[in-house]
Protein chains: 2
Amino acid sequence: MAYVTQTAPKSAFPKLKRRPFVRYFTLDPEVPFVLDSGRKFGPVTLAYETYGKLNAARDNAILITHALTGDSHCASHGSHDPEPGWWESLVGLGRVFDTRRYFIICSNVLGGCQGSTGPACYDPATGRPYGMRFPVITIRDMVRAQKALIDHLGIRRLANVVGGSMGGMQALTWAVEYPEAVGSLIVIAAPGRAFSQSIAYNEVMRRAIMTDPQWNSGDYYGTPGPVNGLATARMLGMITYQSDESMMLKFGREFVSNGHHDPFDMRTQFQVESYLHYQGAKLVERFDANTYLYLIRAIDLFDLSWGHPSYEAALGRISCPVLIVGVSSDILYPTWQQEEIVTILRSQGKEVEYEVIETPFGHDGFLIEFEKMEPMLRRFLSRCCNQAGHLRRSDSACLVDA
Amino acid sequence: MAYVTQTAPKSAFPKLKRRPFVRYFTLDPEVPFVLDSGRKFGPVTLAYETYGKLNAARDNAILITHALTGDSHCASHGSHDPEPGWWESLVGLGRVFDTRRYFIICSNVLGGCQGSTGPACYDPATGRPYGMRFPVITIRDMVRAQKALIDHLGIRRLANVVGGSMGGMQALTWAVEYPEAVGSLIVIAAPGRAFSQSIAYNEVMRRAIMTDPQWNSGDYYGTPGPVNGLATARMLGMITYQSDESMMLKFGREFVSNGHHDPFDMRTQFQVESYLHYQGAKLVERFDANTYLYLIRAIDLFDLSWGHPSYEAALGRISCPVLIVGVSSDILYPTWQQEEIVTILRSQGKEVEYEVIETPFGHDGFLIEFEKMEPMLRRFLSRCCNQAGHLRRSDSACLVDA
């Protein structure tokens with residue numbers, strides 16, 4: 001049996017945010033946590049936040065899974081909590097993921113650096129941070145740890161699992177690996193397996209980090225670490241999260257208006273360069289480089305078919321209504337990757353809806369285009385959750401579960 | 001007056017190829033070579049190769065301009081020259097750029113590292129390699145140097161100027177800046193100005209090089225230099241030269257078959273990663289990192305409108321028949337960028353043809369899809385050059401000019 005602790009794993013990552021509403025769940029150390037690699041690993045702790053209240057039937061829970069640099073803070077916890085979450089516009093009172101109706105759970109992934117066990121944590125066996133001695137993990141390993149959390153919370157079946165990007169990979173994995181535990185599924189801007197080009201982008205990012213001498217084979221804790229490498233990786237990431245069109249709309253060919261003005265001075269920056277530098281520096285302030293390496297590796301390894309006879313067979317295990325959402329201008333996980341999933345599910349006679357967010361914002365559309373996503377998600381959720389009868393008015397009048 | 005020298009500028013770049021058919025042209029040091037930045041610069045030497053023979057009327061010359069990492073060796077010089085050129089399939093006896101009919105000129109760009117004056121060359125004023133003391137140059141500066149070469153060769157009007165990618169930018173610049181000297185124009189997979197996304201990719205590449213400690217502010221000659229940074233830059237470049245589809249077709253999700261086999265070993269590589277590493281290492285063997293920085297900066301600064309009232313006004317100066325070719329799957333300079341040029345030229349009543357190479361190969365299509373390009377180019381060339389009466393059978397019977 002799993003048990004709860006209010007203790008965060010000891011972390012060497014100095015920028016770890018200590019958020020007041022974060023709880024910690026440590027998997028039962030007596031039960032081996034076996035990774036996809038076959039390696040037994042532990043202890044495993046997940047940092048998580050919840051919103052709203054679990055009803056008596058325990059069937060109004062929604063799991064929100066986060067993207068690469070996300071965390072458990074998908075929304076603020078009301079007026080006592082000034083920090084907005086990464087899906088603030090979608091989660092809260094009266095929002096799509098309405099905390100009056102649903103019990104929302106969001107956990108930092110296994111391998112993460114915002115409270116869950118990851119490469120920046122101290123290995124109790126050695127007393128040193130794991131660094132690159134952390135085991136290679138998969139999206140399925142992340143989901144397996146989340147499943148233990150859900151079990152621990154006494155939830156047998158989630159009303160919905162929803163995520164975008166790496167979060168969408170986790171959501172798909174939930175529906176494939178635990179079909180009996182997923183009432184409905186929303187996958188946004190994610191593929192069912194990583195394709196070559198995204199692996200290639202990830203490898204360039206890896207190289208940028210691992211060739212930074214300050215990376216020091218991952219043993220950089222207590223030093224500034226590979227700030228250049230991680231910033232360069234993020235800069236590339238930011239290009240893949242946007243689009244040709246959105247960058248042109250935002251930055252054009254304008255130079256920055258402060259600093260060097262001479263276009264023939266190598267130090268003079270176009271606005272788009274300055275923006276990328278800013279984004280690179282910002283990530284360094286909130287993310288751990290080794291964690292970045294482990295999570296993008298998990299994305300590379302992501303393939304729903306692993307452990308199943310085929311990709312189709314894996315998708316064939318899904319037994320709930322599915323909403324797949326693509327972003328029209330996504331260059332990282334283009335819509336054909338969502339359409340592949342939709343086509344297979346439809347050919348299997350499954351209940352699947354497909355929507356496209358029409359936007360120039362690229363992959364990041366799922367973190368921006370709330371007005372376009374909101375009706376899609378609301379329609380699907382209301383249909384699925386009413387149909388399944390997950391909600392009872394008597395349960396759903398409560399506000400945040402303090 | 002310009003004069004010829006058979007002497008290459010002294011270069012600190014150890015991988016400079018000494019090709020037997022390369023000639024050198026040094027601009028007249030008595031005539032100031034004024035860069036777009038306003039800076040007077042010299043001495044300027046261009047390495048160039050020619051194919052075929054200039055006819056008596058001196059009107060069968062074609063200038064081929066090269067892309068970022070290209071050089072003057074667009075084709076081999078027959079059986080005495082075993083090294084194929086970067087456009088081998090298009091240049092030679094009986095090929096589109098038929099050396100029996102045309103006098104082909106191809107020069108390494110100003111700022112290049114294959115024989116022309118560039119950052120790896122020794123500055124005669126200091127006796128040291130320029131490094132980052134080399135002036136920032138533009139595509140127009142490159143073209144201005146080429147114009148001096150063409151003048152020196154006694155050619156008043158080129159039958160055609162043709163180039164792909166950065167070569168296409170040069171070709172466009174020729175037609176805008178020297179309309180009287182260009183008989184016809186072929187631009188492949190190039191924009192008329194650099195847009196934000198391509199500047200962004202270039203900035204990530206710059207960062208990768210400039211944060212490599214071995215770059216040493218550009219003063220790395222005599223050392224291995226920023227081999228990691230340049231390799232990382234090239235790896236990213238290679239992604240932008242291909243497409244999602246072509247990478248998937250070539251590499252899928254396969255791991256490399258030699259070396260580490262365990263997918264849970266961080267050292268195990270997907271084939272696409274191994275390919276990128278190979279390409280990165282290969283470029284380091286043939287290209288200078290500072291040169292890379294200067295050329296991608298020239299690309300960022302590229303905007304035909306500079307020095308003209310508007311972008312439209314610049315294009316309005318073109319007075320020859322134009323063929324614009326896009327590549328359907330180009331993610332670096334997508335077809336809308338070629339269509340922008342075509343639309344403006346058509347609105348001005350100019351003679352412009354537009355063709356699209358339908359291919360999954362992405363930007364690199366112009367270095368691969370010769371069978372598809374060949375009829376497009378042949379049709380256009382034969383129409384333009386016959387119409388203009390540039391060729392006389394009496395002149396064109398000669399073979400290579402030794």
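**Two chains, one shared surface**

Lay chain B on chain A and you get an RMSD of 0.0 Å, using a turn of 180 degrees and a shift of 0.0 Å along the axis; the fit is by least squares on the C-alpha atoms of residues with pLDDT of at least 70 in both copies. The two copies are therefore related as by a two-fold rotation axis. Both use the same surface, too: 100% of the contact residues of chain B recur in chain A. Contact here means heavy atoms within 4.5 Å.

A bit of housekeeping before going on. This is a predicted model, so local features need pLDDT of at least 70 and side-chain atom pairs count only at pLDDT 80 or more, while totals for chains, interfaces and linings use all residues. Residues are numbered from 1 along each chain as its sequence is written, chains are lettered from A and ligands numbered from 1 in the order in which they are written, and side-chain values use heavy atoms, with hydrogens and water left out.

Now for the interface. On the chain B side, 56 residues are in contact with 56 residues of chain A. Together the chains bury about 4900 Å², 66% of it on carbon and sulfur atoms; that is the accessible area (1.4 Å probe) that two parts lose on being put together, summed over both. Three residues stand out: B:Arg253, B:Phe264 and B:Met266 supply 17% of the area that chain B buries against chain A, more than any other three residues.

What about polar pairings? The interface has six salt bridges, each a side-chain nitrogen of Lys or Arg within 4 Å of a carboxyl oxygen of Asp or Glu. A:Arg297 makes a salt bridge with B:Glu273, with the closest N and O atoms 3.0 Å apart. There are also 24 residue pairs in polar contact between the chains, both residues at pLDDT 80 or more. A polar contact is a pair of N or O atoms within 3.5 Å; within protein, one must be able to donate a hydrogen and the other to accept it, and residues adjacent in sequence count only if both atoms are side-chain atoms.

Which helices of chain B each bring at least two residues to the side that touches chain A? They are H3 (196-210), H4 (227-240), H5 (244-251), H6 (271-284), H7 (289-301) and H9 (335-347), where helices (H or I, at least four residues) and strands (E, at least two) are DSSP runs numbered from the N terminus. H3(B) gives the most, with ten residues.

To see the interface from chain A, go to A:Gln269 in the loop between helix H5 (244-251) and helix H6 (271-284). With a relative accessible area of 23%, A:Gln269 is partly exposed (buried is under 20%, exposed over 50%, partly exposed in between, with a 1.4 Å probe and protein chains only). Beyond its neighbours within four places in sequence, A:Gln269 is in contact with A:Phe255, A:Val256, A:Ser274, A:His277 and, across the interface, B:Arg297.

A:Ile105, in strand S9 (residues 103-107) of chain A, counts as buried at 0% relative accessibility. Leaving out neighbours within four places, its contacts include A:Tyr48, A:Ile62, A:Leu149 and A:Leu158.

Last stop: A:Ser329, in the loop between strand S14 (322-327) and helix H9 (335-347) of chain A. A:Ser329 counts as buried at 15% relative accessibility, and its side chain reaches the backbone oxygen of A:Thr359 at 2.5 Å.
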